[in-house]
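Student: Could we go through this structure, starting from its metal site?

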Amino acid sequence: MEFFDSHSHLTDEKFNDDRESIINEIKKESITKWTTVGYNVESSRKSIELANKYDFIYATVGISPNDIPQKEDELWKELEIIENFLNLNNKKIVAIGEIGLDYYWNKENKDIQKTLFIKQIELANKYNYPIVIHTREAVMDTIEILKNNKVVKKGIFHCCPLNRELVKEALKLDFYISFAGPITFKNSKNAEEIIQMVPNNKILIETDSPYLSPEPFRGKRNDPRNVKYIAKKIAEVKGIGLEKVAKMTYENALKIFEI
Ligand code: NI
């Protein structure tokens with residue numbers, strides 16, 4: 001049995017002291033592929049470096065709605081750097097992300113968030129990539145942008161909010177739903193209903209590490225090994241074997257990332 005963690009941040013400073021050794025440990029525990037996701041210029045650059053170094057790690061690049069610099073001209077300079085990464089034509093880059101809207105952490109700059117999201121969708125289409133979406137308290141605007149700005153290679157709702165309307169629309173748009181730690185939390189009441197809504201060929205699993213540790217590790221540093229707990233929860237809810245969940249989510253990840 002092997003697992004694919006569709007979303008981690010191995011470049012995070014929380015891994016600075018033991019990144020090399022933890023990567024070996026992760027690999028030993030049958031997590032045989034994973035992505036490390038960029039959210040600004042620096043993390044995107046580091047993700048590419050890590051992916052270049054390890055053949056089983058893949059990178060995504062992009063600017064998240066929570067990493068928009070104060071000065072607008074700086075943002076557009078940063079976006080140019082992201083485009084330069086894409087121009088490297090590096091096969092280890094597998095998506096644009098994480099990108100999207102976040103009205104929970106940033107309510108003051110909705111317009112610039114939307115503009116940045118759309119510009120990065122355009123980049124995805126220009127360079128033929130799927131997108132990795134971060135959305136928080138911005139369901140309707142996210143869906144509206146996706147309806148008006150078709151993403152040719154589709155994409156993934158990362159750490160998908162457990163919102164029925166969002167999942168329904170996401171599936172209509174033919175996007176993938178990636179589940180993370182919150183589905184294992186005891187207080188996530190509708191997790192089971194949402195998991196049941198997503199067909200097997202559209203489910204991905206992720207850790208979003210070092211954040212969002214699943215039960216029973218809630219509050220501790222997360223890493224891709226814990227993606228097994230997400231798979232276990234899905235297996236329980238769907239009444240299928242863990243092996244089947246591992247296999248289908250692995251195949252789905254290979255498909256969307258074109259690996
Ligand atoms: Ni993330």
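The questions below concern a predicted model.

Student: Which residues coordinate the nickel ion?
Tutor: Along the chain, the donors follow the spacing H-x1-H-x88-E-x109-D. The distances to the nickel ion are 2.2 to 2.3 Å. The coordinating residues are H7 (NE2), H9 (NE2), E98 (OE) and D208 (OD).

Student: What is the arrangement of the 4 donor atoms around the nickel ion?
Tutor: Four donors count as tetrahedral if all angles lie between 85 and 135 degrees. Here the angles run from 83 to 173 degrees, so the arrangement is irregular.

Student: How many residues apart are H7 and D208?
Tutor: H7 and D208 both donate to the nickel ion, and both are buried. H7 lies in strand 1, while D208 sits in the loop between strand 8 and helix 8. The pair is separated along the chain by 201 residues.

Student: Is the crossover from strand 1 to strand 2 right-handed or left-handed?
Tutor: Strand 1 has 6 of its 6 residues buried. Strand 1 pairs with strand 2 in the parallel sense over 4 bridges, and S8 has T36 as its bridge partner in strand 2. Between the two strands the chain passes through helix 1 (residues 19-28), and this β-α-β crossover is right-handed.

Student: Which residue just after helix 9 takes a positive phi?
Tutor: Helix 9 covers residues 242-256 and reaches 21 Å from its first C-alpha to its last. Its buried residues include V245, T249 and I256, and strand 1 is among the elements that cover the buried residues. Just after the helix, a positive phi of about 50 degrees is found at E258.

Notes:
Residues numbered from 1 in each chain as written. Predicted model: local features only at pLDDT ≥ 70, side-chain atom pairs only at ≥ 80, totals over all residues. Heavy atoms only, no water. Expected span 1.5 Å × (residues − 1). Buried < 20%, exposed > 50% of the residue type's maximum accessible area, 1.4 Å probe, protein only. Contact = heavy atoms within 4.5 Å. Donors = N, O, S within 2.8 Å, 3.2 Å for Na, K, Ca; no water. Tetrahedral: all angles 85-135°; square planar, octahedral: opposite > 155°, others 65-115°. Pairing = 2+ DSSP bridges. Right-handed = clockwise from strand over helix to strand, strands pointing away.
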